[in-house]
Amino acid sequence: MPVSAGDQPSSLPVEFLTKFHTALRRWQKSWETSSDPSITPSSPKGPLGFNATAIFRIACIRLHLNLGPHRSLRTGDPEVIASAFCNALRPAQTPQIYQAVLQSIHALSIPVRLGVEYVARTQTLTWSTIHALSNLECAVFLCKWLETLASDPSHVSKDTRRILRIITSVLREADLAPPVNWAGDFQPDQLRRMGAMLVRLLSEILKGPHVFEMMYVFCDSLRTYANLLENDLDSNMAE
């Protein structure tokens, strides 16, 4: 399986990153305090909030992982797309990355709380392509971030462990539960396995009916990517 070549160096100076993070936080606070901060596509005022939050999450992620050139979505070929995901660089671990991490976890936790099967059968028909694309980037970003942590145990700080326990909780609620002892000491293979589970989770969410054909490509690509990750982990364990 092709693997990430290494961490992605930030192309933006720290002061620029700080400014963008500040702007995104201000937008988030402004939206949360608005008269109708609805994030459902069936909102009486339209799907603006639903799509705006999707774009917001992509913006948070792109400050740390520019996945755009590494998706190969134009090919429409799940095998090619999954291989591109495997080859995408990992995000560098920085203090600012946690906003994107938490936003990505939140995006995937919403359909889990509603019920994966329920969302797959009834909700994805109302999803826009930008919302599905946002969730795709969230899943791949989290997977790559977990690879970053797995590559250097020193990255797993006390605060990071709290976030890892949140991810573990989401996976358990989705019946993709890792072993109970994972809530303690997160080992590299366990972190990579969690990343594969998150990718698998979104593929399950997207397996339902869709209006747009590209959604099926997203689903098949994520499933193929999860298979590649899991097969690689299983082969390493067998050695």
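**Surface patch, helix packing and salt bridges**

A nonpolar patch of about 270 Å² is formed on the surface by Leu-125, Val-211 and Phe-212 in this structure, which is a predicted model. Of these residues, Val-211 belongs to the loop that runs between helix α8 (188-205) and helix α9 (213-238). The relative accessible area of Val-211 is 56%, and this residue is therefore classed as exposed, the cut-off for that class being over 50%.

The packing of helices α7 and α8 was examined next. Two packed helices are described by the angle between their axes and the distance between the axes. Helix α7, which comprises residues 158-173, packs with α8 at an angle of about 45°, and the two axes are 11 Å apart. At this angle α7 is oblique to α8, and the crossing of the two helices is left-handed.

Nine salt bridges are counted in the model. Within helix α7, Arg-162 and Asp-159 are joined by a salt bridge between their side chains, with an N to O distance of 2.4 Å; the two residues are three positions apart in the helix, or about one turn. Both partners are assigned to the partly exposed class, Arg-162 with a relative accessibility of 41% and Asp-159 with one of 46%.

A salt bridge is likewise found between Arg-193 and Asp-234, whose closest N and O atoms lie 3.0 Å apart. This pair connects distant parts of the chain, since Arg-193 is located in helix α8 and Asp-234 in helix α9, with the two positions 41 residues apart. The two partners fall into separate accessibility classes: Arg-193, at 17% relative accessibility, counts as buried because the limit for that class is under 20%, whereas Asp-234, at 38%, counts as partly exposed.

Helix α9 also contains a salt bridge between Asp-220 and Arg-223, in which the closest N and O atoms are 3.0 Å apart. Because these residues are three positions apart in α9, Asp-220 and Arg-223 are separated by about one helical turn. Asp-220 is partly exposed, with a relative accessible area of 33%, and Arg-223 is also partly exposed, with a value of 27%. In addition to these pairs, Glu-117, Glu-204 and Lys-207 are connected to one another through a network of salt bridges.

Definitions and conventions. Residues numbered from 1 in each chain as written. Predicted model: local features only at pLDDT ≥ 70, side-chain atom pairs only at ≥ 80, totals over all residues. Heavy atoms only, no water. Patch = residues over 30% accessible without salt bridge, like charges linked within 9 Å, V, L, I, M, F, W, Y side chains within 5 Å. Areas by Shrake-Rupley, 256 points an atom, 1.4 Å probe, with all protein chains shown as cover. Salt bridge = Lys/Arg side-chain N within 4 Å of Asp/Glu carboxyl O. Helix = DSSP H or I, 4+ residues; strand = E, 2+ residues; numbered from the N terminus. Buried < 20%, exposed > 50% of the residue type's maximum accessible area, 1.4 Å probe, protein only. Axes fitted to C-alpha atoms, helices over the stretch in contact; angles between N-to-C directions. Parallel < 35°, antiparallel > 145°, perpendicular 65-115°, else oblique. Left-handed = near helix turned anticlockwise from the far one by under 90°.
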